[in-house]
Amino acid sequence: MYAKLPTVLTLLVVLTGGSLFTDVFAQVANVELVSEFGERGQDPGQFFWPEKAAVDPAGTIIVADTSNDRIQLCNRECACTAFGGYGSQPGQFNSPVGIDLDVDGNLVIADSANNRIQVCDYQGHCRVYTDSSGNEPEINWPLDLAFDADGDLHILNADNYWICP
């Protein structure tokens with residue numbers, strides 16, 4: 001049995017280059033582009049190979065701005081702020097790709113080239129993710145992550161060839 005789709009469907013598309021929306025989505029489905037923002041660059045509101053995005057309950061768009069090694073937070077008016085930067089200290093990133101929100105509203109970020117997961121607040125205060133025993137799990141190039149209905153974190157761990165809870 002298939003679930004009935006809502007009448008209004010919100011689709012967030014992260015473009016990494018070219019006009020992906022008009023080239024693909026407009027031809028595959030009867031989808032209308034409501035708004036778009038950003039351009040290539042390093043200033044807030046500019047992106048360099050953004051990989052993933054999430055939207056919080058308030059409508060803030062959270063973007064893993066991968067090649068700028070940072071996270072951008074964009075409001076409904078498309079004004080963006082950023083935190084992070086290249087490095088390996090908490091709050092610094094090396095190719096952040098996956099992003100999700102935990103049950104407490106924290107940003108949980110797959111920091112791929114640093115082989116770790118970081119948990120951050122909206123001001124950019126971050127800590128390295130640890131499991132329930134307080135240990136940092138063995139992670140090798142995390143590509144994405146997501147929480148299930150029970151609040152358990154699942155990590156797509158590329159170089160270890162597994163998905164871990």
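Reader: What does the accessible surface of the protein chain come to, and what share of it belongs to carbon and sulfur atoms?

Author: This is a predicted model, in which local features need pLDDT of at least 70, side-chain atom pairs count only at pLDDT 80 or more, and totals for chains, interfaces and linings use all residues. Residues are numbered from 1 along each chain as its sequence is written, and side-chain values use heavy atoms, with hydrogens and water left out. By the Shrake-Rupley method with a 1.4 Å probe, where for residues only the protein chains shown count as cover, the accessible surface of the protein chain is about 10,200 Å², and the share of carbon and sulfur atoms is 51%.

Reader: How many helices and strands does the secondary structure of the protein chain come to?

Author: Helices (H or I, at least four residues) and strands (E, at least two) are DSSP runs, numbered from the N terminus. Along the sequence the pattern opens with α and continues with β. The totals are one helix and 13 strands.

Reader: Which residues touch the most other members of the largest nonpolar core?

Author: A nonpolar core is a set of buried Ala, Val, Leu, Ile, Met, Phe, Trp, Tyr and Cys residues joined through side-chain atoms within 4.5 Å. Buried means under 20% relative accessible area, exposed over 50% and partly exposed in between (1.4 Å probe, protein chains only). Strand 4 (61-65), strand 5 (70-74), strand 7 (96-101) and strand 8 (107-111) each supply at least two residues of the largest core. Of its 13 residues, those that touch the most other members are Ile 62, Ile 71, Phe 83, Phe 93, Leu 107, Ile 109 and Cys 120.

Reader: Which strands are the edge strands of the open sheet of four strands?

Author: Two strands pair if DSSP finds at least two bridges between them. The order in this sheet is 7-8-9-10, with antiparallel pairing. Pairing on one side only marks the edge strands, strand 7 and strand 10 (126-128).

Reader: Which residue in strand 10 stands opposite Cys 120?

Author: Strand 9 (residues 116-120) runs antiparallel to strand 10 and is joined to it by three bridges. Contact means heavy atoms within 4.5 Å; beyond its neighbours within four places in sequence, Cys 120 is in contact with residues including Phe 83, Phe 93 and His 125. The residue opposite Cys 120 is Cys 126.

Reader: Is Asp 65 buried or exposed?

Author: Asp 65 is found in strand 4. Leaving aside neighbours within four places in sequence, its contacts include Phe 47, Trp 49, Arg 70 and Pro 96. Because its relative accessible area is 0%, Asp 65 counts as buried.
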